[in-house]
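Here's a quick walk through a multi-chain model. Have the viewer open and follow along.

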Amino acid sequence: MAKKQYAFYPGCSSQKKASADNFLRSIDVVCQKLDVQLNEIPDWNCCGASIGYGEGGELPRLVISARNLALAEKNLPGQDMVSVCPACWLATREAGERLHESDSLLAEANEALREAGLDLKNEVKSRHFVEVLIEDVGFEVMQQQVVKPLEGLKLAGYVGCQTNRPFGIVGESFENPRYLDKMVEMVGAQPMETYDQKVTCCGGALAFSEPEKSQKQIRDIVESAYDHGADMIVTPCQLCQANVEIYQSEINKKQGTRFNMPVVYYTQLMTIAYGGSATEAGLDGQFIRAEKLEKLAGK
Amino acid sequence: MADNKFAAYICSGCGIGDVLDVKSLEKIAQKEGKMAVVKNHSFLCNAEGVQMIRDDIANDGVTHLCIAACSRRAKAEAFSFPTAAVSRANLREGVLWVVAEGSDHDEVRQEMAEDYVRMGCAEVKKMKVPAGNPNKAENKRILVVGGGMSGMTAALAAADAGYDVVLVEKTGSLGGFARNLVKRVPFNAPHAEAQPTGVEELAAQVAGNPGITVHLNSTLAETAGSPGRFLAKVAQESGAVTEEAVGAIVQATGFTTYDIAKLPELGGGQANVVDQAGLEALAKAANGGAIKRADGKIVSSVVFVQCAGQRDETGTHLPYCSGHCCATSIKQAMYFKDANPDVDTVVMYQDLRVPGMGEDFYRSAQKKGVLFTKGKASRVAGGDTCKVTFRDLILDEENTVDADLVVLATGQVPSAGVDLDAWSAVVTKAEGGDEAAKAQREEMRSTSVLKLTYRQGPDMPQFKHGFADSHFICFPYETRRTGIYAAGPVRRPMDMFQAQEDATGAALKAIQAVENASAGRAAHPRAWDLSFPSARLEGCTQCKRCTVECPFGAIDEDERRFPLFNEQRCRRCGTCMGACPVRVISFENYSCDTVGSQIKAVNVPDEFEEKPRVLILACENDAYPALDMAGLQRHVYSAFVRAIPVRCLGSVNTIWITDALNSGYDGIMLMGCKKGDDYQCHFVKGSEMAYYRMSKIDDTLKQLGLEPERVATHEVAITDNVRVARMINDYVAQLQDIGPSPMKGFG
Amino acid sequence: MTASIATSQTILVVGGGISGMTAALEAAECGKQVILAEKTPTLGGRTAQLYRYFPKMCHPTCGLEINLKRIKGNPNVRVMAMTQVVEVTGSRGNYAVTLKVSPRYVTENCTACGKCGEAVTAEVPDAFNYGLGKVKAAYLPHAMAYPQRYVLDPSIVATPEGEKAKAACPVGAVDLGMSEETVEINVGAIVWATGWRPYDAAKIQPYGYDRFANVITSVEFERLADPHGPTGGKLLRPSDGKEAKNIAFIQCAGSRDENHLRHCSRICCMASLKQTQYVREACGDEGKSTIYYIDIRAIDRFEDFYQKVQADPTVSFVKSKVARIALNEANDNPILHGVDTEGYHRYATEHDLVVLAVGMEPEVTGVRLPDDIIVDSSLFIEGSKDGGMFGAGAASSPLDVNRAVQSATAASLRAIQVIHKTASTEAA
Amino acid sequence: MSDANNRALGAYRSNFLKEVEANVEEGHWVKMCMQCGVCAGSCPLGPHWQHSPQKIFMMIRAGKRDEVLTSDSMWMCTSCYNCIVRCPRKLPITHIMHGLANYAHRLGLAPKGQPTREIAKLFWDNLVKTGRVNELKFSLAMYFKDGFGQGIKNAMAMQGVGLGLVKAKRLNPLELLGGHGCKDKAGIHKMVAKAREIEDRRKGLA
């Protein structure tokens with residue numbers, strides 16, 4: 001079967017040796033299994049997501065995303081642009097749509113792009129990797145690859161914000177998206193259906209500037225996962241993953257909690273369920289070790 | 001009576017035959033009911049059963065029939081025999097379904113059924129087939145009072161349906177208030193822009209319509225008669241009077257705007273503070289260009305103050321909301337924005353009320369840059385720069401805003417004529433000989449719109465806040481003056497779209513009224529009832545109760561002070577019949593006799609049998625259906641009661657009460673509709689009258705040495721089917737405590 | 001059936017709710033021939049499912065009784081229940097209409113004795129109570145159902161249950177062989193009184209109607225308050241059957257919202273104000289009602305009712321569109337999150353029960369409107385290009401009962417005008 | 001920037017709404033708000049800010065220029081988009097908040113020392129320099145933004161996190177010597193400079 005080709009936009013945190021390095025490794029495995037080929041966009045740049053607005057303003061912010069779109073158009077013609085980072089996807093898709101709505105904005109953007117020797121027709125479709133899996137591959141095919149169902153593993157599906165709002169995955173509800181739970185079911189694990197912090201914001205954008213505020217968010221997210229009896233949290237978002245995992249120790253220190261809740265990516269679950277090793281799944285990259293998942297991987 | 005032939009048909013279907021002794025019911029119909037023909041059928045309501053009855057009418061000359069089967073509310077179509085007098089003995093809903101099951105109750109159940117057969121036979125013997133009103137009232141012209149948007153719409157609507165129209169307008173031209181408007185709030189999608197009012201076109205259509213006679217500069221000098229035969233004297237300013245014979249009337253006399261001089265705190269009367277009408281005038285003068293104030297200065301900022309002198313809880317101004325004003329201010333703000341987008345326009349509201357698609361109109365204004373501030377204005381200072389002091393309800397602070405012009409969104413005040421409550425007070429005084437009152441009465445009459453010659457006053461009764469509205473939700477056009485219908489803002493505050501809808505509906509009701517009158521039929525709620533009241537005047541004592549108590553002003557007094565019935569105004573409720581102390585008023589199929597004979601037909605056991613008898617007189621529209629549905633849902637109640645449906649509790653004549661007590665009944669339950677402010681009586685005052693009359697009865701009871709508990713009046717809603725069963729059982733229990741009536745055996 | 005039952009002098013009224021009944025009766029009482037087609041087995045429509053009317057707090061069935069009496073006594077109206085319009089061709093003054101009559105499986109012989117209902121054991125969701133309860137599969141839709149005839153649910157027709165019903169009927173009125181019928185009629189004018197339906201509350205995701213048992217709709221609340229309803233008139237909340245005393249009413253549930261309905265549904269404010277009085281009726285001073293609103297739209301003299309409710313100490317008002325509802329998993333209480341925008345007060349308030357004042361949208365299921373019909377952006381009927389078809393009542397705009405009846409009366413006269421013009425041209 | 005502020009004051013005199021419509025991203029939506037407050041109730045940072053979005057819109061209409069532009073409320077936005085998806089009038093509230101923050105920042109009116117404002121600047125500079133965000137340099141810069149002494153404290157406080165990430169191979173010490181970055185840095189610099197120049201011209205910021 002011919003591989004599905006996509007223009008790949010990794011984003012800053014999913015580069016080798018960056019904070020979501022392990023995520024990227026598990027994505028590689030999943031892509032191999034599902035005949036998906038991600039062709040990295042040459043010389044892509046940062047999307048300026050979340051707080052880029054503060055200094056970047058409107059046009060400069062749109063333009064840096066426009067550059068990525070233009071590069072994809074130029075170097076990987078005909079391929080949809082795929083991000084694994086919700087923030088990258090959102091920023092890029094938003095930029096594309098804004099420039100599509102306003103000819104004057106597009107003209108201004110191109111005026112700036114020309115400085116970098118680029119020109120944007122704005123024909124590239126910006127998509128998230130989850131969309132590719134659900135819409136282009138499909139749950140059925142994904143399930144066929146499962147050789148090691150993750151039986152007994154209880155997972156709180158933490159969707160967070162940006163794969164969900166404002167665009168969301170087609171057919172999902174903003175308040176109660178089910179795609180992550182479906183993926184958990186797909187790999188043979190047990191989703192926490194009533195987990196009520198599914199779409200709570202982790203405050204990631206303010207992790208550095210307003211630690212106590214974002215950590216308040218994180219506390220709710222982790223606490224509810226414990227309350228609903230989850231073994232670990234699964235998420236599609238690097239910022240969420242890092243935030244919710246890393247700051248548990250901080251919260252323990254400040255508030256005397258005893259949080260030690262692993263936070264993994266859906267692709268890590270898939271990698272193990274597809275028979276991959278803990279290392280292939282990037283579990284060595286966990287800040288809080290996902291022991292139960294490692295055990296299943298060892299079986 | 002010679003050629004009357006009476007027949008009883010007893011159905012044994014629906015299980016009646018299984019638990020009742022139908023044979024003995026037949027015997028009773030024959031021997032006691034004196035029915036010439038008595039037949040039973042196992043399925044009377046089906047084609048064959050009905051055919052049997054039809055054949056007896058056609059071939060056997062049967063003229064009167066008692067159908068002993070289900071409730072009169074069931075199988076009404078099957079058992080409708082227009083040429084015969086029909087009574088219904090309710091064996092199914094009234095006996096079978098409500099008396100407890102089991103052989104213990106066989107005896108009382110059978111007795112109950114037998115009584116209902118006796119009652120049905122007794123009733124039909126006293127009934128006549130209504131012939132319809134013999135007095136011809138065949139004028140089908142429609143009189144429309146008022147030539148504004150509502151009046152013109154009603155006139156054209158009637159004319160387009162083929163009815164001649166007479167339109168009376170007090171000013172010199174058609175169009176009314178709408179003439180002052182630059183544009184109207186949009187009627188249809190996309191509800192984004194104001195639309196032309198269309199008033200000129202409408203006026204031209206009315207003027208050019210051969211079916212419509214228009215009287216300008218004219219008012220009504222007098223309106224006499226009733227539906228189908230009104231005679232209106234149309235007086236012109238000149239003094240000339242034309243007589244117009246018409247069949248029904250639509251009153252579309254509109255509204256005036258609330259006087260802003262009454263709102264000094266909001267700048268009323270000060271420079272550059274206008275009401276919405278004033279703004280329309282400025283906009284008209286601007287003719288699409290920049291809107292200028294009275295002093296000629298171009299307006300560059302304007303504030304609209306909503307609810308000015310409306311929704312007032314202090315009792316000083318209008319307590320109600322006029323409904324149209326939010327959309328009207330939005331429209332007027334657009335006048336400014338469309339002429340020049342840079343004009344600052346602020347609409348200051350507490351609740352923005354633009355229902356339905358008005359929401360699109362609201363959005364459209366926001367797109368144009370009209371600003372909406374949720375705030376309550378406490379003070380407006382007029383002048384070269386007006387200052388509006390207000391509480392910003394969102395920012396939660398006192399604030400002020402300057403503007404070149406302030407528009408106060410004031411309310412609609414109905415032009416409904418004389419308030420009849422005030423009127424009747426004055427009239428009573430005047431008839432008592434009070435000269436001042438006499439003068440006041442004439443002064444009031446001069447302010448009347450319709451100048452009706454009705455005993456009960458010259459205009460339509462007003463409902464609330466001076467509007468000539470109906471009290472009913474399901475029947476908005478039901479005024480208390482048959483054949484006279486209010487339309488437009490005289491009825492309820494409303495915008496132009498609703499006024500035109502309303503006027504079209506009112507035109508239909510007027511058409512209906514003339515059609516009914518010409519066929520001698522009743523109007524709502526007993527639509528198409530052919531029975532009508534007749535009075536044996538030789539017995540009349542001229543007590544005036546009937547004329548005073550008729551809810552519909554149907555009865556005047558002739559020169560000899562006898563009641564003068566205007567059948568076309570009559571709604572057939574029987575309140576006059578209930579009022580008459582000498583029982584001279586009756587309908588062919590509903591009279592003191594038809595009910596009285598049923599009461600007497602009941603077999604009342606003597607005191608030793610310990611079987612109390614309770615008479616229920618139940619309003620046929622609410623209480624009786626509730627009893628029916630109690631049966632339908634098998635809520636068991638005592639077999640000691642005997643229920644008779646009445647047209648309205650107002651038709652209950654005290655003779656029935658005394659008859660029942662004399663016959664040895666142990667108790668009487670009157671079941672009527674809710675009375676008071678939110679009355680549900682479809683004849684307005686019937687329930688109230690019954691309470692009043694029964695309160696008088698207490699003394700009589702005492703004289704007879706009877707306990708007042710033996711007559712109980714209840715409000716029963718149509719939904720009370722559970723409650724009504726409980727009420728009956730409680731009452732029967734209560735009576736058994738009191739003991740049997742001492743009157744037993746004297747009857 | 002043949003077209004002879006109707007002519008170009010006949011008016012077709014589609015929809016047997018209060019607007020349709022009114023339009024039909026007003027024309028009939030003017031002497032016109034009318035066919036009244038109703039989709040369900042009984043007349044009455046949505047208003048029959050209301051407990052009380054605002055502002056009088058009187059009972060809709062009271063007016064229904066009068067309208068039914070008018071219909072029973074008027075030979076000019078022909079009622080066709082379980083009948084839908086399939087197609088309309090022709091034009092003003094002369095329409096050819098195809099009607100689809102669904103099988104009732106019970107003939108005119110039915111006397112509503114109830115034997116079939118006693119005989120069958122199968123139950124189906126009770127449509128009259130918005131599915132809050134169940135009803136026997138052989139049933140009378142409600143106590144005032146007209147025609148007063150039982151109905152067999154299609155699900156039991158081909159089963160032993162159907163046979164039970166047949167066997168139980170003493171008058172042989174159960175006909176399991178009944179099948180769908182198609183009727184062609186000619187009419188001169190058509191009044192569309194197809195009414196409204198409550199907006200699908202599950203679509204308003206932040207309020208979790210699909211996730212939280214104790215979040216219900218305003219129409220369901222009417223059934224709870226009604227003594228004829230599934231709880232016998234007690235305000236019992238779905239999760240645990242406990243009596244609800246502290247109840248929240250959320251306005252604009254779907255209305256005034258471009259994610260749902262663009263329009264304001266007009267009646268919801270008044271409906272909620274009315275329903276606070278159900279709470280008072282049931283709980284007295286113990287009850288607590290809170291109305292969360294954007295603007296209270298109590299137009300004309302309804303303002304009196306608003307002021308009356310404002311004076312009721314058990315009722316409070318919060319000017320806020322509720323942001324989301326969360327669940328207290330310990331007691332199933334919904335927790336409302338939002339901000340009171342008058343001033344700015346953040347709240348997270350727990351209630352026993354939440355009632356969503358759901359908006360009105362035109363009822364279009366099973367109704368195929370001819371292309372000739374003109375509708376607005378929310379699909380309410382404005383009229384028709386050829387001027388021979390008219391919207392009436394809630395099919396034409398979100399209206400309260402009183403205004404719906406006015407609208408229907410007006411539509412009735414417009415239909416009569418069409419008939420009149422056709423007649424005079426035919427005569428000429 | 002104060003001269004830009006003076007220019008704006010001159011150009012729009014009392015009409016702050018017009019100023020916002022012209023100079024703030026998606027500012028033309030502000031007038032469409034109907035004050036339902038669903039945004040205020042939907043914001044996860046709600047308990048922390050002073051003015052809710054809907055209230056800010058009202059303040060803009062009321063001409064409260066200083067109060068709005070010096071407010072730190074819009075800097076609390078976490079870009080969770082709850083307000084956008086729930087707004088019954090479909091206002092792009094998140095973007096308006098971002099736009100207001102940026103405008104206030106560019107006029108020099110945004111609160112001094114507002115942490116998000118400062119970090120946003122660091123973040124942007126960091127990304128423009130190499131085209132990509134260098135997480136380590138960014139983090140270090142973060143720690144030292146409040147001066148050297150505080151920086152050490154911050155660094156020590158977050159040591160566990162830093163070392164943990166290094167252990168987990170998710171933070172690479174070698175990044176200090178170059179690390180990630182785009183090849184066409186020059187092009188990116190010119191492009192961003194141009195974009196800024198255009199926008200500033202349009203908004204009268206330069």
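The notes below go through chain A, its contacts, and then parts of chain B.

## Chain A overall

Keep in mind that this is a predicted model. In chain A you'll find 13 helices along with eight strands. Its C-alpha trace covers about 55 × 50 × 35 Å when laid along the principal axes.

How does the radius of gyration sit with the globule rule? A compact globule of 299 residues would come out near 19 Å, and chain A has 19 Å, so the two agree. As for packing, 64% of the 299 residues of chain A count as buried. Take the contacts in chain A between residues at least 6 apart in sequence: 76% of them link residues at least 24 apart.

## Two domains in chain A

The domain assignment splits chain A into domain 1 (4–129) and domain 2 (148–298). Their C-alpha centres are 25 Å apart. Where the two meet, domain 1 of chain A puts in 21 residues and domain 2 of chain A puts in 21 residues.

Which elements give two or more residues to the domain 1 side of that contact in chain A? They are α1 (21–33) and α4 (86–101) of chain A. The biggest giver on that side is α1(A), with nine residues. Sorted by class, the domain 1 side that touches domain 2 in chain A holds ten nonpolar, seven polar and four charged residues.

## Where chain A meets chain C

Between chains A and C, five residues of chain A are in contact with six residues of chain C. The chain A side breaks down into one nonpolar, two polar and two charged residues.

## Chain B: domains

Chain B is cut into domains 1 to 6, and among them is domain 2, which comes in two pieces, 142–254 + 460–518. Others include domain 1 (1–129) and domain 5 (534–586). The C-alpha centres of domain 1 and domain 5 of chain B are 34 Å apart.

## Chain B: a three-stranded sheet

Chain B also has an open sheet of three strands, ordered β8-β9-β10, with antiparallel pairing. Why do β8 and β10 of chain B each have a side without a neighbour in the sheet? Both β8 (218–224) and β10 (241–246) stand at the edges with a single partner strand each, so one side of each is left free of a sheet neighbour. From one strand to the next, the twist averages 25°.

Zooming in, β8(B) and β9 (residues 230–236) of chain B run antiparallel and are joined by six bridges. Across this pair, B:Leu220 sits opposite B:Val234 of β9(B).

Note on methods: Residues are numbered from 1 along each chain as its sequence is written. Chains are lettered from A and ligands numbered from 1 in the order in which they are written. This is a predicted model: local features need pLDDT of at least 70, side-chain atom pairs count only at pLDDT 80 or more; totals for chains, interfaces and linings use all residues. Helices (H or I, at least four residues) and strands (E, at least two) are DSSP runs, numbered from the N terminus. The radius of gyration is taken over C-alpha atoms; the globule rule is 2.2 Å times the number of residues to the power 0.38. A residue is buried if 20 or more other C-beta atoms lie within 10 Å of its own, exposed if 12 or fewer, and partly exposed in between; C-beta atoms are placed from the backbone. Two residues are in contact if their C-beta atoms, placed from the backbone, lie within 7 Å. Two strands pair if DSSP finds at least two bridges between them. Axes are lines fitted to C-alpha atoms, for helices over the stretch in contact, and angles run from 0 to 180 degrees between N-to-C directions. Ala, Val, Leu, Ile, Met, Phe, Trp, Tyr, Cys and Pro count as nonpolar, Asp, Glu, Lys and Arg as charged, and the others, Gly among them, as polar. Domain bounds come from an automatic or database domain assignment.
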